[in-house]
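Here are a few exercises to work through with the model open beside you. Try each task before you read its solution.

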Amino acid sequence: MAELPALGDHCEVLSCKLLDFLPFICSDCTKTFCKDHRTKDAHSCPSLDNNEGCTEKELLPVKCEHCQLIFCMRHRHQSDHRCGHLMQAPVRIDPVQRVQEITVKIGVKNESRAAKVALMKLKMKAEGDKSIPQDERVYFNICLPKDGQERQKGMFFSKVWTIGKAVDKTASIIGLKNQNNVATAKKLCLFDSNSGEVLDMSDSFQDLMCKENSSVVSGGSLILEYVANDCYRIQQPEEYLT
């Protein structure tokens, strides 16, 4: 009788270990279980994580050589049973796309460098109120009114100044007629050189430069022109920049 235990097998569920004389072998994980743990749910078969929901039975199930789990014919391939040892195919970089990305980066870098050089040149010749601290100055290439002899003038202002104060200071330094205090006279205004839109006299440079996607930046260009009171945009601002 002492040899009888060799006739059966112990259930491989650690909390059970019951000796069963007619054990069941799981067709998926190939382990041995008692009748109470013979179903995949009862013994938490590892195949449930990889092939959850499949109820197909095969006379000759297939064992995955990578994860060593058993699968039906439909889920025999690594990609079909979400094999944990499946190697991800390397992503091929499109050479054309890569060249375009590099070109864009180079272009942005060159534009940034050109902007810095332009700002340095502007600082060398710009005029303004010399009492303004260096760290408070903002520099602009001012495109002057079309009816004047001079086309452009480098100017610097305090970033906390309003546009109205900058217009008055520019007119004073260059010697332009300024009748902004006369209701019936044409107004001397500053305009965005990209959009052609008039800049609000009450806005400060600091406020304008902090706006999202603002084209008003130190080292950039602004247009100074005489316009009627109801003018809010210059139609062809690019003409002032040539």
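**Exercise 1. Lay out the sheet: in what order do the five strands stand, and which stand at the edges?**

Step 1: The order of the open sheet is E7-E9-E8-E11-E10, with mixed pairing; strands (E, at least two residues) and helices (H or I, at least four) are DSSP runs numbered from the N terminus, and two strands pair if DSSP finds at least two bridges between them.

Step 2: The edges belong to E7 (127-128) and E10, each of which has a single partner strand, so one side of each lacks a neighbour in the sheet.

Step 3: Now take the two edges in turn. E7 runs parallel to E9 (residues 152-158), joined by two bridges, and Glu127 has Met155 as its bridge partner in E9. E10 pairs with E11 (residues 220-227) in the antiparallel sense over six bridges, where Cys189 stands opposite Glu225.

Before going on, a word on the source: this is a predicted model, in which local features need pLDDT of at least 70 and side-chain atom pairs count only at pLDDT 80 or more, while totals for chains, interfaces and linings use all residues. Residues are numbered from 1 along each chain as its sequence is written, and side-chain values use heavy atoms, with hydrogens and water left out.

**Exercise 2. Decide whether the two faces of E10 are covered or open.**

Step 1: Check one side, where Lys187, Cys189 and Phe191 are buried (under 20% relative accessible area; exposed is over 50% and partly exposed in between, with a 1.4 Å probe and protein chains only).

Step 2: Turn to the other side, where Leu188, Leu190 and Asp192 are buried too, so both faces are covered.

Step 3: Six of the six residues of E10 (residues 187-192) are therefore buried, and the strand is largely enclosed by the rest of the structure.

**Exercise 3. Find which residues Glu127 and Lys146 meet in salt bridges.**

Step 1: The structure holds five salt bridges, each a side-chain nitrogen of Lys or Arg within 4 Å of a carboxyl oxygen of Asp or Glu.

Step 2: Glu127 meets Lys153, with the closest N and O atoms 2.6 Å apart. This pair links strand E7 to strand E9, 26 residues apart. Glu127 is partly exposed at 31% relative accessible area, whereas Lys153 is buried at 17%.

Step 3: Lys146 meets Glu239, with the closest N and O atoms 2.7 Å apart. Lys146 lies in the loop between E8 (137-143) and E9, and Glu239 in helix H5 (residues 238-241), so the pair ties together parts 93 residues apart in sequence. Glu239 is partly exposed, at 33% relative accessibility.
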